[in-house]
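Please look through the sequence and the 3D view before reading on. The briefing below starts from one pair of residues and then widens to the strands, the protein as a whole and one loop residue.

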Amino acid sequence: GIDTCSARSISCRKEDFLDLEIVQGRDNQLRGIGGNNGVNGRGCLVFYVKDSTGKMKAILEPKGFYLKNSPAQFRIIGQQRMKHKGLCAI
């Protein structure tokens with residue numbers, strides 16, 4: 001999904017990352033509406049999407065976050081970061 005309030009792009013799937021670096025420690029926390037979640041990894045995250053004409057495109061997020069044991073499986077495109085990078089996502 002596209003989260004207009006999120007400053008981070010997040011995935012619960014390892015296969016979404018080109019280069020996943022597993023991280024440890026309590027300093028790696030994300031706070032959100034669902035509470036605090038521990039970040040289990042960081043890396044270049046790839047989202048495959050269709051543009052308005054139906055063509056497949058790849059969105060690369062070099063600073064993506066991986067959550068391993070999340071209560072739900074999800075992918076979030078952090079709209080705040082995408083806007084900063086010049087990507088208009090609707």
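Which residue in E7 is the bridge partner of tyrosine 48? In this predicted model, the bridge partner of tyrosine 48 in E7 is alanine 58. That pair belongs to a wider pattern of strand pairing, which the points below take up in turn.

**The hairpin of E6 and E7**

- Strand E6, which covers residues 41-50, is joined to E7 by nine bridges, and the two strands run antiparallel.
- Besides the pair of tyrosine 48 and alanine 58, valine 49 has lysine 57 in E7 as its bridge partner.
- E6 and E7 form a hairpin with five residues between them, and in the turn glycine 54 has a positive phi of about 90°.

**Other strands that pair with E6 and E7**

- Strand E3, made up of residues 17-22, pairs with E6 in the antiparallel sense over five bridges, and within this pairing leucine 20 has glycine 43 in E6 as its bridge partner.
- Strand E2, residues 10-11, is joined to strand E7, residues 56-66, by two bridges, and these two strands run parallel.
- In E7, tyrosine 66 is the bridge partner of serine 11.

**The protein as a whole**

- The protein has one helix and eight strands, and from the N terminus on its elements run β-β-β-β-β-β-β-β-α.
- Of the 90 residues of the protein, 33% count as buried, while the accessible surface comes to about 6,400 Å², of which 50% belongs to carbon and sulfur atoms.
- Among the contacts with a separation of 6 or more, 58% are accounted for by residues 24 or more positions apart.

**Asparagine 40, a residue in a loop**

- Asparagine 40 lies in the loop between strand E5 (35-38) and E6.
- Because its relative accessible area is 23%, asparagine 40 counts as partly exposed, the range for that class being from 20% to 50%.
- Asparagine 40 and isoleucine 22 are 18 residues apart in sequence, yet their C-alpha atoms are 5.7 Å apart in space.
- Leaving aside residues up to four places away in sequence, asparagine 40 touches Glu21, Ile22, Val23, Tyr66, Leu67, Lys68 and Asn69.
- For lysine 68, the backbone nitrogen lies 2.7 Å from a polar atom of the side chain of asparagine 40.

Technical notes
Residues numbered from 1 in each chain as written. Predicted model: local features only at pLDDT ≥ 70, side-chain atom pairs only at ≥ 80, totals over all residues. Heavy atoms only, no water. Pairing = 2+ DSSP bridges. Helix = DSSP H or I, 4+ residues; strand = E, 2+ residues; numbered from the N terminus. Buried < 20%, exposed > 50% of the residue type's maximum accessible area, 1.4 Å probe, protein only. Contact = heavy atoms within 4.5 Å. Areas by Shrake-Rupley, 256 points an atom, 1.4 Å probe, with all protein chains shown as cover. Polar contact = N/O pair within 3.5 Å; in protein donor to acceptor, adjacent residues only side chain to side chain.
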